[in-house]
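Open the model in your viewer and keep the sequence panel visible. The stops below go from the whole chain down to single residues.

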Amino acid sequence: MVGAMAEASNPFHDALRFERRVPPCAIVIFGANGDLTKRKLIPALYRLAYERRMPSGYVIYGNSRTEMPDDVYRAKMKESVKQFLEDSPFDEELWSQFAQSLYYVAGDVQDTAFYSKLAGRLKEHDQKTAGNMLFYLSTQPSHYEPIVGGLGAAGLNQGPGWRRVVVEKPFGIDMATAKALNRRLQAVFPESAIYRIDHYLGKETVQNVLAVRFANGIFEPLWNRRYVNNVQITAAESIGVEGRGAYYQESGALRDMIQNHLLQVMATIAMEPSAAFEPNAVRDERAKLLRSIRILKEEEIATHAVPGQYGPGSMGGKPIPGFRQEPGVNPEAQTDTYVAATFFIDNWRWAGVPFYIRTGKRLPKRVTDIAIQFNAAPLSLFERDNMGGNQHLARPNLLIIRVQPEEGISLRFLSKNPGGGMKLRPVSMDFNYGSSFGVRTPTAYETLLVDALAGDATLYTRQDMVEASWAVVQPILDYWNSHKFEFPNYEAGTWGPRQSDEMLDRRGHLWRVP
């Protein structure tokens, strides 16, 4: 516990992070042997315990089909925490305390008898947990319905304490399946108890968008069509499908990234201020924004949405196979590993402003950022002094919000170059989370787990938001499913297909190079 005490005494430590108390509860993780549990969930829960943000009374149950004693499961999770704990020391004494609250219960989620067994195990801890229960569905989506149905049949969806269920994406594979999933969830749990998790909304920088916009008088007056020329949202990955080719082949970038993560980021950037900073008010505005995104007509899709698939290339001097050469992938797969799309928001604030979104695998670097490009000054007073090949005046004013890997904000503008004459050059003012606050930034899963335990759904996705996102994506998906593309159309290690550049070029814009 020495590490926790040292951190708490740090003069830069934010005491507000410890003000909200989480009530005692039992956490049940379905899919306890999966990658998400090992890489994210258990390390996040351990870190919350390290920071004394877990309640005084809690138990954690992991479930999968494999028979395993509690001690064996604890040993496996210990190795996972050591391996995947981000920017934190491992405290042996703290782990011993944490492990005492970590249990394992084997069972097939398709077996209705298993839920009676689970209910019996959880009832043993009612005095410690006050009967509060959080069920985390970290399984493949086909298991969501039997798990929720089994919980309902065993009465685990009702008191004595509160009951909540956290659902991982994907929330359906199209509009029809998303609606069907919502109906099945709501047949057992009320909407207020359903927490659809989108880890992008838990990222500190995405949350900070709200603070930057609504707490600062210098930004909000400029946050509209009069001053903003275009907005670019980039989520680039340097990795490929990492052995998940068979799964990814059925998903693709449009479903995997844009329908959920990036449309939610776009909504956060563009939403109206809420009447109060409370869950339903914030989510009402985000949902309203999503419903305001113009639905592309069939004849617009070819010029407003570009699919891509990476072929063989090289990165870091090493040859990289194309997507179709990945294990488990059909050699004629039409899967999109890259998407670039232009969206418009039909409301008074944003009418006519293009929002460009792109995401892809095997791009030159891992980076997620949001670039708000402002209009040029109405009159260039210094054009004469900046002739002769100087292109700086063509560079726009930009506000860049860096989501990952280095979280921060940068404002770019023009300034006079030292020396004679009025020569201009672009300069930046940078804010970096790590150096400015002097404390470790919590991971998205730490933030979202605490919120779910505390009953704060602000950063979680509501049913109407899921369906509004699918309404935007579905026409593109239908169009692509009915057409065959000349894939691959970009090399691994490049910034995507040329059609993506052409999409912006039609409006006189260029993709910013992160």
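The radius of gyration used here is taken over C-alpha atoms, and the globule rule is 2.2 Å times the number of residues to the power 0.38. For 514 residues a compact globule would have a radius of gyration near 24 Å, and the protein, with 24 Å, agrees with that. This is a predicted model, in which local features need pLDDT of at least 70 and side-chain atom pairs count only at pLDDT 80 or more, while totals for chains, interfaces and linings use all residues. Residues are numbered from 1 along each chain as its sequence is written, and side-chain values use heavy atoms, with hydrogens and water left out.

**Whole chain**

Select all C-alpha atoms and orient along the principal axes: they fill a box of roughly 80 × 60 × 50 Å. Switch to cartoon to see 17 helices and 18 strands. These are DSSP runs numbered from the N terminus, helices being H or I with at least four residues and strands E with at least two.

Now show the surface. The protein exposes about 22,700 Å², of which carbon and sulfur atoms supply 52%; accessible areas come from the Shrake-Rupley method with a 1.4 Å probe, and for residues only the protein chains shown count as cover. Colour by relative accessible area, with buried meaning under 20%, exposed over 50% and partly exposed in between (1.4 Å probe, protein chains only). Buried residues make up 54% of the 514 residues.

Contacts come next, a contact being heavy atoms within 4.5 Å. Of the contacts with a separation of 6 or more, 78% are between residues 24 or more positions apart.

**The core**

Which residues have the most contacts inside the largest nonpolar core? Select F30, L45, F135, L263, F343 and I372; the core itself has 152 residues. Such a core is a set of buried Ala, Val, Leu, Ile, Met, Phe, Trp, Tyr and Cys residues joined through side-chain atoms within 4.5 Å. Helix α11 (residues 253–270) gives the largest share of this core, 11 residues.

Centre on L45. Leaving out residues up to four places away in sequence, L45 touches I27, I29, M54, I60, F98 and L449.

**Helix α17**

Select residues 498–505, which form helix α17. S500, M503 and L504 are buried here. They lie on the same side of α17, because they cover an arc of only 90° around the axis, the arc being that of the directions from the helix axis to the C-beta atoms. The exposed residues R498 and D505 are on the face turned away from that buried side.

Add the elements that cover the buried residues of α17: among them are β7 (228–236), α13 (298–304), β8 (305–308), β12 (338–343) and β13 (355–360).

**Strands β15, β16 and β17**

Strands pair here if DSSP finds at least two bridges between them. Select β15 (residues 398–404) and β16 (residues 408–416), an antiparallel pair joined by five bridges. A hairpin of three residues connects β15 to β16, and L399 stands opposite L411 in β16. Extend the selection to β17 (residues 424–432), which runs antiparallel to β16 and is joined to β16 by nine bridges. The bridge partner of S410 in β17 is D430.

Next, pick G408, in strand β16. Is G408 buried or exposed? Its relative accessibility is 0%, so G408 counts as buried. Beyond four places in sequence, G408 is in contact with T205, I400, I401, R402, F431, N432 and Y433. Draw a C-alpha to C-alpha distance from G408 to E204: the two are 204 residues apart in sequence and 9.5 Å apart in space.

**Backbone details**

P405 sits in the loop between β15 and β16, and a cis peptide bond with omega of about 5° joins Q404 to P405. A cis peptide bond also runs from F487 to P488, with omega near -5°; P488 lies in the loop between α16 (463–481) and β18 (490–491).

Finish with two loop residues. A130, in the loop between α6 (126–129) and β4 (133–137), has a positive phi of about 60° although it is not a glycine. At 45% relative accessibility, A130 is partly exposed. R362, found in the loop between β13 and β14 (367–374), is not a glycine either and has a positive phi near 60°. R362 is buried, with a relative accessible area of 14%.
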